[in-house]
Amino acid sequence: MTLMPHPYDASEPFTASRVVEAPEIPTAVVKLDDVPMYEMSSLMDGTFSHLADALAEVGIHPIGPAVVLHHRMPVDTADLEVGFPVDSPLTETLTLPSDYEVVGSVLPGGRVAAISHMGAYGGLAETWGAFTEDIGRDGEQMTYPFWEMYVSVPSPDVDPAALRTDLFSLLEPRGERA
């Protein structure tokens, strides 16, 4: 169960892209630039396996699913934040057993586009591509950052086809396009 506000509290997947207003949400994240794409799984494992415990030690708790926020389009490397939305802002730096440093950040508020990906993580790129096309056809302009929320917790027992990942992208405010 999530303690997240709308639109992050949807119990059912977003089956079609939609534009919604989203509030700013504090996050606790490992923030890194130029991460090689082949290191993504070790970064995520080294963060998610320890982060909730480290936050609990300072009285902060995750309020929603794990999130990865991108500051630019990943190609060979990515500039990103990996962590959780939290119940209060993190004001200090924490060091995880994996030696990653955790800092406070936010999911941005404003107009965002949203859709859900159902299935294995290998299909995320295809869903992102279709999502981007849908948003353009709707006359919207995506901007940075964009993020993924891993609504379903992966485990060896979970059928990959049942995994749900919600995709979000900040949109340019209306009237600011040339």
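## Arginine 18 and its surroundings

Arginine 18 sits in strand 1, which covers residues 18-22. This is a predicted model, so read what follows as a description of that prediction. How much of arginine 18 is open to the outside? It comes out as partly exposed, with a relative accessible area of 36%; that label fits because the value falls between the 20% and 50% cut-offs.

If you leave out residues up to four places away in sequence, arginine 18 touches Val112, Ala113 and Ala114. Leucine 3 is 15 residues apart from arginine 18 along the chain, and their C-alpha atoms are separated by 21 Å.

## The sheet

Now for the sheet that strand 1 belongs to. It is an open sheet of 9 strands, paired antiparallel, and the order reads 1-7-9-8-3-4-2-6-5. Which strands stand at the edges? Those are strand 1 and strand 5 (94-95). Each has a single partner strand, so one side of each is left without a neighbour in the sheet.

Further in, strand 8 and strand 9 (residues 164-171) run antiparallel and are joined by 6 bridges. To pick out one pairing, phenylalanine 146 has serine 169, in strand 9, as its bridge partner.

## Helix 1 and threonine 47

Helix 1 lies across strand 2 (25-36), strand 3, strand 4 (77-85) and strand 8. Against strand 4, helix 1 runs at about 20 degrees.

Threonine 47 is part of this helix, which spans residues 40-48. Is threonine 47 buried or exposed? It is buried, because its relative accessible area is 0%, and the cut-off for buried is under 20%. Not counting residues up to four places away in sequence, threonine 47 touches Val30, Val82, Leu96 and Tyr100.

## The largest pocket

The largest pocket holds about 890 Å³ of space. Its lining is made up of 28 residues, and the ones closest to the centre are Met44, His70, Leu124, Glu148 and Tyr150. Helix 1, strand 3 (66-70), helix 3 (124-137) and strand 8 (142-150) are the elements that give two or more residues to this lining.

Which element gives the largest share of the lining? That is strand 8, with 6 residues. As for the chemistry, the lining of the largest pocket has 19 nonpolar, 7 polar and 2 charged residues.

Definitions and conventions. Residues are numbered from 1 along each chain as its sequence is written. This is a predicted model: local features need pLDDT of at least 70, side-chain atom pairs count only at pLDDT 80 or more; totals for chains, interfaces and linings use all residues. Side-chain values use heavy atoms; hydrogens and water are left out. Helices (H or I, at least four residues) and strands (E, at least two) are DSSP runs, numbered from the N terminus. Buried means under 20% relative accessible area, exposed over 50%, partly exposed in between (1.4 Å probe, protein chains only). Contact means heavy atoms within 4.5 Å. On a 1 Å grid over the protein atoms alone, a cavity is a set of points where a 1.4 Å probe fits but cannot get out, and a pocket is an open set with protein on both sides within 12 Å along at least five of seven lines; lining residues have an atom within 4 Å of a point. Grid points are joined across faces, edges and corners, and a volume is the space filled by probe spheres set on the points. Ala, Val, Leu, Ile, Met, Phe, Trp, Tyr, Cys and Pro count as nonpolar, Asp, Glu, Lys and Arg as charged, and the others, Gly among them, as polar. Two strands pair if DSSP finds at least two bridges between them. Axes are lines fitted to C-alpha atoms, for helices over the stretch in contact, and angles run from 0 to 180 degrees between N-to-C directions.
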